[in-house]
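Q: Could you take me through one part of this assembly in detail, namely how the copies of the chain are placed against one another? Once that is clear, I would be glad to follow the thread into the sheets and the helix.

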4 protein chains.
Amino acid sequence: MWLRIGCDLLFEIEVPTPFILMLRPRSGSQQWVARDEFKIKPNVPVVEFTDDYGNLCQRLVAPPGNFSIKTNADVKTSEFVDVEPGAPFVEIQNLPHDVLSYLLPSRYCESDRFSDLAMTITANYLPGYNQVAAIETWLLDTISYIPGSSDYPISAIEVNYKQSGVCRDLAHLGIALCRNLSIPARMVVGYLYKLEPMDMHAWFEAYVGGRWYTFDATQNRRKGGYVAIGFGHDAADVAVFNQFGPSVYPTKQVVSVELIEEKN
Amino acid sequence: MWLRIGCDLLFEIEVPTPFILMLRPRSGSQQWVARDEFKIKPNVPVVEFTDDYGNLCQRLVAPPGNFSIKTNADVKTSEFVDVEPGAPFVEIQNLPHDVLSYLLPSRYCESDRFSDLAMTITANYLPGYNQVAAIETWLLDTISYIPGSSDYPISAIEVNYKQSGVCRDLAHLGIALCRNLSIPARMVVGYLYKLEPMDMHAWFEAYVGGRWYTFDATQNRRKGGYVAIGFGHDAADVAVFNQFGPSVYPTKQVVSVELIEEKN
Amino acid sequence: MWLRIGCDLLFEIEVPTPFILMLRPRSGSQQWVARDEFKIKPNVPVVEFTDDYGNLCQRLVAPPGNFSIKTNADVKTSEFVDVEPGAPFVEIQNLPHDVLSYLLPSRYCESDRFSDLAMTITANYLPGYNQVAAIETWLLDTISYIPGSSDYPISAIEVNYKQSGVCRDLAHLGIALCRNLSIPARMVVGYLYKLEPMDMHAWFEAYVGGRWYTFDATQNRRKGGYVAIGFGHDAADVAVFNQFGPSVYPTKQVVSVELIEEKN
Amino acid sequence: MWLRIGCDLLFEIEVPTPFILMLRPRSGSQQWVARDEFKIKPNVPVVEFTDDYGNLCQRLVAPPGNFSIKTNADVKTSEFVDVEPGAPFVEIQNLPHDVLSYLLPSRYCESDRFSDLAMTITANYLPGYNQVAAIETWLLDTISYIPGSSDYPISAIEVNYKQSGVCRDLAHLGIALCRNLSIPARMVVGYLYKLEPMDMHAWFEAYVGGRWYTFDATQNRRKGGYVAIGFGHDAADVAVFNQFGPSVYPTKQVVSVELIEEKN
């Protein structure tokens with residue numbers, strides 16, 4: 001399916017403010033970006049680079065006054081996410097080198113502190129995909145998904161204590177539980193078609209059966225329409241924007257995802 | 001200045017043909033891509049990746065029949081290339097690690113075979129930028145630039161023997177001469193505003209005074225308007241397309257570069 | 001100065017246990033490894049790789065029974081660490097790309113939660129080196145360094161609450177405070193000559209004035225004799241060993257650092 | 001099998017001379033380095049880094065006078081190289097990204113100029129491993145292997161013209177022929193147990209059936225005992241030493257490979 005995704009941000013800047021943005025989707029094995037637009041006003045110099053995880057990032061210093069970022073792109077993605085019950089657990093010694101760091105605890109995924117819970121949830125499931133699916137189901141059933149309920153990332157421990165959270169929070173808990181079982185898991189930030197209410201979205205991927213699979217504990221059916229813009233260990237790695245100096249928040253943030261005609 | 005660059009290619013394919021394309025400009029410290037479009041018809045699956053030199057590449061298998069690739073982008077670039085007479089030669093031990101491989105001979109730049117010529121051309125010049133400028137001037141004065149005069153890359157030795165060549169050929173000789181003096185040099189492929197006749201272009205960069213500088217022995221003034229799409233050791237690394245199996249050539253290739261209004 | 005460093009580990013393994021080791025020092029700009037030995041008994045297959053941070057790591061599966069790892073190396077390192085009061089804060093926009101991730105919060109360095117403390121400690125200091133030195137002094141004066149007092153890493157928040165910790169814990173708090181001030185900071189694990197009691201050691205580096213400087217809140221004088229074996233965001237990235245499956249602990253761990261004659 | 005390999009070099013230096021060395025074997029999936037020694041006299045500062053191909057390299061400036069480099073290492077390697085007749089050709093679209101550049105022509109492997117020869121040699125062989133084995137056999141039968149017959153690298157075209165060469169030259173022709181058939185091929189430099197006469201050695205690897213296989217057109221039996229120290233596109237990438245400024249040659253070069261007792 002072809003989607004046109006967009007994110008417009010408006011800031012009111014008081015002092016020159018360095019930004020690192022992660023808003024540009026990149027073509028990869030799961031998605032193809034056929035068109036892409038990235039407008040900044042005023043038109044300050046931008047340096048684009050690829051971060052440690054392969055994400056496209058932009059660095060700039062926003063000058064005082066209104067500062068606007070408008071991005072949109074036409075992306076081909078799958079109508080359904082791949083589902084593979086039975087996909088086996090990959091023994092540590094057989095994992096690719098570059099997947100290993102997704103086994104470790106990270107800022108918001110204290111995977112070293114979840115042994116009992118991970119064991120309990122997955123007790124009767126085959127190691128691998130089925131364990132992750134059990135975690136996803138447990139999250140869906142147990143942790144209330146309340147969009148817009150928090151402004152800053154909280155960690156898996158905090159989410160488990162609150163028993164509710166935004167998409168990012170549920171992903172943190174899912175990732176922490178997977179890693180506790182020695183299943184590599186990572187955070188993805190991006191867009192989801194028909195997300196209600198429409199906003200940027202976050203979900204997680206787990207590495208089983210020799211590849212990454214998509215999981216999303218905020219949606220109760222296996223539909224597709226995902227467009228990724230960033231991958232990382234957790235929300236610390238994939239902020240849509242990181243800003244330095246006195247805090248500024250967008251005074252406007254408009255996210256859109258529309259179905260479009262096949263492009264060619 | 002803002003340029004809209006475009007390249008359309010049409011192939012008539014007989015058997016399924018794997019391609020690796022390098023046609024997508026990337027934002028970097030020298031240019032900012034504000035809009036980008038990449039259309040393939042028929043719409044086969046594409047996998048995009050970053051090669052060893054940081055270039056964006058696309059892999060696909062073209063099916064039998066007409067196969068069309070249309071790309072265009074809006075890019076901010078400099079009106080004038082940076083010029084820095086006197087920028088010093090960088091001692092080998094002070095070069096960044098990732099620049100070192102640009103000292104070595106490569107497929108089309110047999111830098112190990114040009115000691116006498118390199119010495120002769122640069123005899124009276126300060127080590128560094130001035131040597132490279134002397135090489136550029138020598139190329140301009142000595143090697144006839146004949147656009148369209150060859151279809152496949154020839155090496156620095158061959159160019160020097162023929163005393164004429166296309167942009168790519170002159171760049172090969174320039175690079176070989178620089179490297180012979182222990183000045184790192186690399187090939188760049190891309191677009192040039194007001195190139196006559198309009199086509200894809202190739203030039204070279206040399207690393208002196210702590211950074212890469214642009215040189216182009218096909219143009220007799222230091223204007224800008226360059227948009228890079230690929231960097232590498234020589235033409236072997238930066239083919240706009242590499243194709244495998246029975247050879248196919250574009251039945252149509254249309255390149256354009258237009259000045260556009262400032263975008264924001 | 002030349003040091004011979006060594007670390008011997010002995011495990012009693014019950015079930016085949018995958019390990020990832022980080023025990024091999026690597027030559028770099030700060031140290032030169034002239035000799036290196038790494039013995040494993042029994043002699044199972046080992047795969048060595050370089051992780052995301054450039055550390056040399058070894059992967060293996062330890063079989064049931066006694067499993068021994070003996071490593072030692074002769075390393076040239078500095079007698080004094082570099083000290084540079086006045087080295088300025090580097091503006092975000094001028095930081096190298098690969099340093100940026102050391103600004104972000106990580107598993108054990110919740111830098112997003114330390115604004116007040118960081119401000120208080122550094123209120124009267126010049127931005128940059130002097131701020132980091134003030135943090136180091138504050139740690140030395142405030143947080144009790146109690147070697148051997150904990151077995152597993154605790155986070156900056158926990159360290160600040162306990163007001164005491166092992167070398168790793170003090171580094172976590174130092175790193176969190178630096179990052180809160182937008183100064184990149186990273187964890188280093190390795191050896192220190194004349195450490196009392198002798199053991200593996202951990203300290204931190206901060207990026208000011210265009211390079212990384214060494215800080216160590218467990219030692220009250222600026223001597224050298226450091227040999228690094230791993231760099232990372234915090235203890236999660238630089239475990240001397242990561243082990244998967246049922247927990248095993250070394251039944252023996254012998255660390256040594258001796259001064260040796262100049263090698264050549 | 002366990003081998004102790006060693007290479008001692010002695011230079012008489014007249015002016016300070018920058019060197020880049022590639023003499024330190026690295027553990028990988030094919031070999032394990034259990035001990036390693038690298039002595040330089042006089043003891044100038046050395047910076048070690050990993051090049052674009054993952055090889056360990058050392059940078060230094062040799063001062064006027066005698067300059068000696070002594071290296072040795074204990075390495076576990078296979079007694080027999082893997083042989084896999086029937087291992088299939090990998091379609092271009094299925095090759096890993098990082099293997100693609102080994103399809104391109106390089107300085108000493110002008111693979112774009114060998115279509116007829118490659119076709120003739122491999123006409124009756126299955127695509128993949130068997131084609132490469134046919135090339136290896138053809139080289140063994142056709143090109144005279146004359147150790148010590150040349151001092152500097154010559155290219156595949158030149159080797160084919162001369163019909164003789166050193167190990168490096170035969171590897172260049174083998175690589176050029178493989179790449180012409182769209183089989184990725186790369187150069188390896190290192191040691192070979194029982195090589196006659198003993199010296200540094202060069203061979204090639206081809207990527208078929210999903211992995212790299214060893215080929216060596218200088219030896220007429222499939223024994224092992226190989227220890228790699230460098231991988232690259234051709235001899236330009238894997239010089240044991242690159243030296244800049246006025247040419248210097250080793251006044252002494254002693255290479256040794258001995259069988260040793262199993263280490264542990």
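A: Let's begin with chains A and B. In this predicted model, a turn of 180° with a shift of 0.0 Å along the axis lays chain A on chain B, and the RMSD is 0.0 Å. Such an operation is the relation of a two-fold axis. If you want a landmark for that axis in chain A, take D36(A): its C-alpha is the nearest one, 2.6 Å away.

Now for the surface that these two chains share. Chain A puts 21 residues into the contact and chain B puts in 21 residues. On the side of chain A that touches chain B, β3 (32–41) and β4 (47–50) of chain A each supply at least two residues. The greatest contribution there comes from β3(A), with 9 residues. Because 100% of the interface residues of chain A are also interface residues in chain B, the copies meet through the same surface.

Chains A and C can be treated in the same spirit. Here too, chain A is laid on chain C by a turn of 180° and a shift of 0.0 Å along the axis, with an RMSD of 0.0 Å. The residue of chain A that comes closest to this rotation axis is R107(A), whose C-alpha is 1.7 Å from it. Again the copies meet through the same surface, since 100% of the interface residues of chain A are also interface residues in chain C.

Some pairs of chains stay apart. Chain A and chain D have no contact, and their closest C-alpha atoms lie 12 Å apart. Chain B and chain C do not touch either, with 12 Å between their nearest C-alpha atoms.

Next, the sheets, starting in chain C. Four strands form an open sheet there, in the order β4-β5-β2-β13, and their pairing is antiparallel. At its edges stand β4 (47–50) and β13 (241–243) of chain C, each with a single partner strand, so one side of each has no neighbour in the sheet. On average, neighbouring strands of this sheet are turned by 20° against each other, direction ignored. Strand β2 (residues 17–21) of chain C is joined to β13(C) by 3 bridges, and the two run antiparallel. To find this pairing on screen, look for F19(C), which stands opposite Q243(C) in β13(C).

Back in chain A, there is an open sheet of 4 strands, ordered β11-β10-β9-β12 and paired antiparallel. Its edge strands are β11 (211–215) and β12 (226–232) of chain A; each has a single partner strand, so one side of each is left without a neighbour in the sheet. From one strand to the next, the twist averages 40°. Between strand β9 (residues 185–192) of chain A and β12(A) there are 6 bridges, again in an antiparallel arrangement. One residue to pick out is V189(A), whose bridge partner in β12(A) is G230(A).

Helix α4 (residues 167–180) of chain A lies across β9, β10 (201–208) and β11 of chain A, and runs at about 15° to β10(A). This part of the chain also has a record attached: an unreviewed UniProt entry annotates residues 159–219 of chain A as "domain: Transglutaminase-like". That span is 30% helix and 38% strand, and its end C-alpha atoms lie 18 Å apart.

For a closer view of the helix, turn to chain B. Helix α4 (residues 167–180) of chain B has 14 residues, which at 1.5 Å a residue should span 20 Å; the end C-alpha atoms are 20 Å apart, so the two values agree. The helix is mostly covered, as 14 of the 14 residues of α4(B) are buried. Just after α4(B), S182(B) takes a positive phi of about 65°.

I143(B) makes a good last stop. This residue sits in the loop between α2 (129–142) and β7 (144–145) of chain B. I143(B) counts as buried because it has 20 C-beta neighbours inside 10 Å. Setting aside neighbours within four places in sequence, its contacts are V159(B), Q163(B), S164(B), G165(B), L170(B) and L173(B). I143(B) and T218(B) are 75 residues apart in sequence, while their C-alpha atoms are 9.4 Å apart in space.

Terms used: Residues are numbered from 1 along each chain as its sequence is written. Chains are lettered from A and ligands numbered from 1 in the order in which they are written. This is a predicted model: local features need pLDDT of at least 70, side-chain atom pairs count only at pLDDT 80 or more; totals for chains, interfaces and linings use all residues. UniProt positions are given in the numbering used here, feature names are shortened, and annotations may be inferred rather than shown by experiment. Copies are superposed by least squares on the C-alpha atoms of residues with pLDDT of at least 70 in both. Two residues are in contact if their C-beta atoms, placed from the backbone, lie within 7 Å. Two strands pair if DSSP finds at least two bridges between them. Axes are lines fitted to C-alpha atoms, for helices over the stretch in contact, and angles run from 0 to 180 degrees between N-to-C directions. The expected span of a helix is 1.5 Å times one less than its number of residues. A residue is buried if 20 or more other C-beta atoms lie within 10 Å of its own, exposed if 12 or fewer, and partly exposed in between; C-beta atoms are placed from the backbone.
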